[in-house]
Amino acid sequence: MRNPLVIANWKMNGSLVDNSKWFDDGLSYLNLYPISKNIDIVVAPSFVYLSQAQQYISHIAAYYNIFVGTQDISCAKAGAYTGEVSVEMVKDFGVRYVIVGHSERRTRLHEDDVLVAKKVQQVLSYGLCPVLCVGESIEERQLNQTKDIVSRQLSVVLKYCKDYQETDMLDNLVLAYEPIWAIGTGEVATPEQAQEVHCFLREQLAETISVETANKIRIIYGGSVKPNNAKELFMQPDIDGALVGGASLNADSFMQICALSEQ
Ligand code: PGA
């Protein structure tokens, strides 16, 4: 039994004032819909707003499974890495989930599979949950390369995290299948398209690690998830939640998506 997981990826949006309003609104929608403790909810603001988000979340953490997350992390432990932020630092702010290898970082900031794998390794080593993003471009999909791409992205990470396979630390891994052509475009993958890739990823986890671990690891979908398309996606057997960008900027839309994830 995998608990649903819904993550708000705010990207480079927000301000002290706007975030306060989001949390105030969010609290009333949490009560309105209502959202149970079975759903893991994560809000991933920019690093600079972690403290603010953590303060809001600490007030309601007794009633909901709600956590702060980050959108990226350094692959290094500490030291002379100007501008970087370490896992140990964000752990200080109660962070539980760390998004790694988002396609915007892979494409615009040239993060490669090895760097992404080292980040995942770093997050796991602190007992936190890396949310590993994988996904193909539209050209790759048209060339029928979707499975090759996501399989390569996952296999590099699993190779680097081989040591954790002996322990149950890999249970903390979360995969986010995010087809690049669906991110921020309004064009969502069909539930069948998404399910096919999720199922394929779970099979790869089962072959490389174990069936038991594969059944525990959550695989969430990202790419234009909205309240009006979330339900069909969540009905698929291997879709365990969502990574939500645009729609997460509105507390009402985001909490509606959270509520739908439990059905
Ligand atoms: P979107 O973004 O929901 O705006 O498509 C998803 C993501 O980039 O994680």
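**Entry 1: helix α2**

I began with what helix α2 packs against: its buried residues lie against α1 (16-32), β2 (40-44), β3 (65-70), α3 (87-91) and β4 (95-100). A reminder to myself is that this is a predicted model. Next I looked up which residues of α2, the helix of residues 50-60, are buried, and I found L50, Q52, A53, I57 and I60. Looking down the axis of α2, I saw these buried residues fall within an arc of 165°, so they line one face of the helix. Then I turned to the face pointing away from that buried side, where Q55 and H59 are exposed.

**Entry 2: the barrel**

How are the strands ordered in the barrel? I followed eight strands that close in the order β1-β2-β3-β4-β5-β6-β7-β8, with parallel pairing. From one strand to the next, the twist averages 25°. I noted that α2 packs on this sheet and touches β2, β3 and β4, and that its direction makes about 170° with that of β3.

For background, I jotted down that strands of a sheet pair through backbone hydrogen bonds, either parallel or antiparallel. I then checked two pairs here. Five bridges join β1 to β2, and these strands run parallel; V6 has I41 of β2 as its bridge partner. Four bridges join β4 to β5 (residues 129-134), also running parallel. In that second pair, V100 is partnered with L132 of β5.

**Entry 3: strand β2**

How many residues of β2 are buried? I counted five of its five, so I wrote this strand down as mostly covered. As general background, side chains in a regular strand alternate between the two faces of the sheet. In β2 both faces are covered: D40, V42 and A44 are buried on one side, and I41 and V43 are buried on the other.

**Entry 4: helix α1**

I tried a length check on α1. Its 17 residues, at 1.5 Å a residue, should span 24 Å, and the end C-alpha atoms are 24 Å apart, which agrees. The buried residues of this helix are N19, W22, F23, G26 and L30. They cover an arc of only 95° around the axis, which puts them on the same side of α1. On the other side I found V17, K21 and L32 exposed. What covers the buried residues of α1? My list includes β2, α2 and α11.

**Entry 5: the nonpolar cores**

The largest nonpolar core has 70 residues, and the members touching the most others are L132, L175, L201, L205, Y221 and F254. Helix α11 (residues 251-260) gives the largest share of this core, with seven residues. Another core, of 14 residues, lies apart from it and has I7, C129, V131 and V174 among its members.

I picked L175 for a closer look. Setting aside neighbours within four places in sequence, L175 is in contact with L132, L154, L201, L205, I217, R218, I219 and I220.

**Entry 6: two positive phi values**

I first reminded myself that most residues other than glycine have a negative phi. Which way does phi go at K11, positive or negative? I found a positive value, near 50°, in this residue other than glycine. K11 sits in the loop between β1 (5-9) and α1.

S224 also has a positive phi, near 60°, and is likewise a residue other than glycine. I placed S224 in the loop between β7 (218-222) and α10 (227-234). Is S224 buried or exposed? Its relative accessibility is 9%, so S224 counts as buried.

**Entry 7: two more residues**

T146 belongs to helix α7 (residues 146-160). I noted 8% relative accessibility for T146, so it counts as buried. Which residues does T146 touch? Not counting residues up to four places away in sequence, I listed E136, E140, R141, Y177 and V197.

My last stop was K231, in helix α10. K231 has 39% relative accessibility and therefore counts as partly exposed. Leaving aside neighbours within four places in sequence, K231 is in contact with L260 and Q263. I also looked up its separation from S51: the two residues are 180 residues apart along the chain, and their C-alpha atoms are separated by 32 Å.

Key. Residues numbered from 1 in each chain as written. Predicted model: local features only at pLDDT ≥ 70, side-chain atom pairs only at ≥ 80, totals over all residues. Heavy atoms only, no water. Buried < 20%, exposed > 50% of the residue type's maximum accessible area, 1.4 Å probe, protein only. Helix = DSSP H or I, 4+ residues; strand = E, 2+ residues; numbered from the N terminus. Arc of directions from axis to C-beta. Contact = heavy atoms within 4.5 Å. Pairing = 2+ DSSP bridges. Axes fitted to C-alpha atoms, helices over the stretch in contact; angles between N-to-C directions. Core = buried A, V, L, I, M, F, W, Y, C linked by side-chain atoms within 4.5 Å. Expected span 1.5 Å × (residues − 1).
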